[in-house]
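Colleague: Could you take me through a close look at the disulfide in this model, and then follow the chain outwards from there? Short sentences, please.

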Amino acid sequence: MAIGACPLTKLDKILISTDGSEAAKFAAQAAVEIAKPCGSTVYAICVAEVPIFAAEFVETLPQVIDVMEKRAKQALDDVKAIADKAGVKCETISYTGPEPYKYIIDEAIKNSVDLIILGKKGVMLGAVGKKVIGNAPCKVLVVPVGATLNFDKILIATDGSVYSNIAASEAIGTAKRFNSELIAVSVAKRDSEVAYAEEAVKAVKESAEREGVKVQTVVAKGEPFEQIVDVANKNAVGLIVMGTYGKTGIEKFFMGSVTERVIGTVARPVMVVKKK
């Protein structure tokens, strides 16, 4: 896959979280393919996770940490090699400690990154990935193993909320740059919500058409995440764009449940757009 143009308006810095797994390597490849046309710098981070309770095993801990840090270095070297081959600037960052997501979020904030990219194997995003999305200061792209990121067809899922509107704006901008077909989907769980869902897709359609973007609308009934995944699969979309809540405190650890379940179910790239 080669992405001919930069898909997002501002993409100076991309953060890729790696653990050396197949999923992480796939995400790294996607990061480099996006970074190249955007002229972005890629920051690769790997955290050698030492559980908080590991102090109990203090005698063997130095050897364990040494092995983990060597693995982390190899994971980062792999990403750097992919970036170097593509001529993309890449900086590597490594940490050792508990709760990896905190280091990932800290680096995203410190470096003012515009996009975080995470890999996903099967239905497993993992606790770290969920917490990264819940706390991210920027957009997050989740790339499943084996998925092809392309912008021919983009699905925007909307519930008419401010979070969805921000995501829709991002999707419309990308669709305009790639002359993509945009599919706006809203799901009503019950009959009383159909009119609201119709209004939600109508608002996206009007915004898209003002920008000269081709758009089709779908109002579905049923379980929202199932219907969104179904429409994405039937239309063979290359990217799903969704919003999620930008809450504070303990709630920041959890994505909007629909967004989380779509990510867990679909084998297509999903971009989560956060309200700042």
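Modeller: The torsion about the S-S bond of Cys 6 and Cys 38 is about 100°, so this disulfide is right-handed. Keep in mind that the model is predicted. The two sulfurs sit 2.0 Å apart. A pair of cysteine sulfurs counts as a disulfide within 2.5 Å, and by that rule the count comes to one.

Where are the two ends? Cys 6 lies in the segment before strand S1 (13-17), and Cys 38 belongs to helix H1 (residues 22-38). The pair therefore ties together parts that are 32 residues apart in sequence. Both Cys 6 and Cys 38 are buried.

Now take other cysteines. Why does Cys 46 have no bond to Cys 90? The sulfur of Cys 90 is the closest cysteine sulfur to that of Cys 46, but the gap is 12 Å, which is too far for a bond. Cys 46 is buried all the same, because its relative accessibility is 5% and the cut-off for buried is under 20%. Cys 138 is in no disulfide either. Its nearest cysteine sulfur is that of Cys 38, 14 Å away. Cys 138 is also buried, with a relative accessible area of 3%.

Go back to the bond and move along to Pro 7. Pro 7 lies in the segment before S1. Is Pro 7 buried or exposed? Its relative accessible area is 3%, so Pro 7 counts as buried. What does Pro 7 touch, leaving out residues up to four places away in sequence? The contacts are Ile 34, Cys 38, Phe 151, Thr 174, Arg 177 and Phe 178. Cys 38 in that list is a partner in the disulfide. Arg 71 gives a contrast in position: 64 residues along the chain separate Pro 7 and Arg 71, and their C-alpha atoms are 32 Å apart.

Two of the residues that Pro 7 touches, Thr 174 and Arg 177, have numbers that fall in helix H5 (162-178). Follow that helix to Ser 164, which lies in H5 too. Ser 164 has 5% relative accessibility, so Ser 164 is buried. Setting aside neighbours within four places in sequence, Ser 164 is in contact with Ile 156, Ala 157, Thr 158 and Asp 159.

Thr 158 deserves its own look. This residue sits in the loop between strand S6 (153-157) and helix H5. Loop or not, Thr 158 counts as buried, because its relative accessibility is 6%. A polar atom of the Thr 158 side chain lies 3.0 Å from the backbone nitrogen of Gly 160. Beyond four places in sequence, Thr 158 touches Ser 164, Val 185, Ser 186, Ala 200, Val 201 and Val 204.

One more part remains, a pair of helices. The axes of H3 (residues 100-110) and H4 (residues 126-135) come within 9 Å and cross at roughly 35°. The crossing is right-handed. Which residues of H3 and H4 meet? From H3 come Pro 100, Tyr 101, Ile 104 and Ile 105. From H4 come Val 128, Lys 131, Val 132 and Asn 135. The residues of this contact divide into six nonpolar, one polar and one charged.

Methods: Residues are numbered from 1 along each chain as its sequence is written. This is a predicted model: local features need pLDDT of at least 70, side-chain atom pairs count only at pLDDT 80 or more; totals for chains, interfaces and linings use all residues. Side-chain values use heavy atoms; hydrogens and water are left out. Axes are lines fitted to C-alpha atoms, for helices over the stretch in contact, and angles run from 0 to 180 degrees between N-to-C directions. Helices (H or I, at least four residues) and strands (E, at least two) are DSSP runs, numbered from the N terminus. A crossing is left-handed if the near helix is turned anticlockwise from the far one by less than a right angle, and right-handed if clockwise. Contact means heavy atoms within 4.5 Å. Ala, Val, Leu, Ile, Met, Phe, Trp, Tyr, Cys and Pro count as nonpolar, Asp, Glu, Lys and Arg as charged, and the others, Gly among them, as polar. Buried means under 20% relative accessible area, exposed over 50%, partly exposed in between (1.4 Å probe, protein chains only). A polar contact is a pair of N or O atoms within 3.5 Å; within protein, one must be able to donate a hydrogen and the other to accept it, and residues adjacent in sequence count only if both atoms are side-chain atoms.
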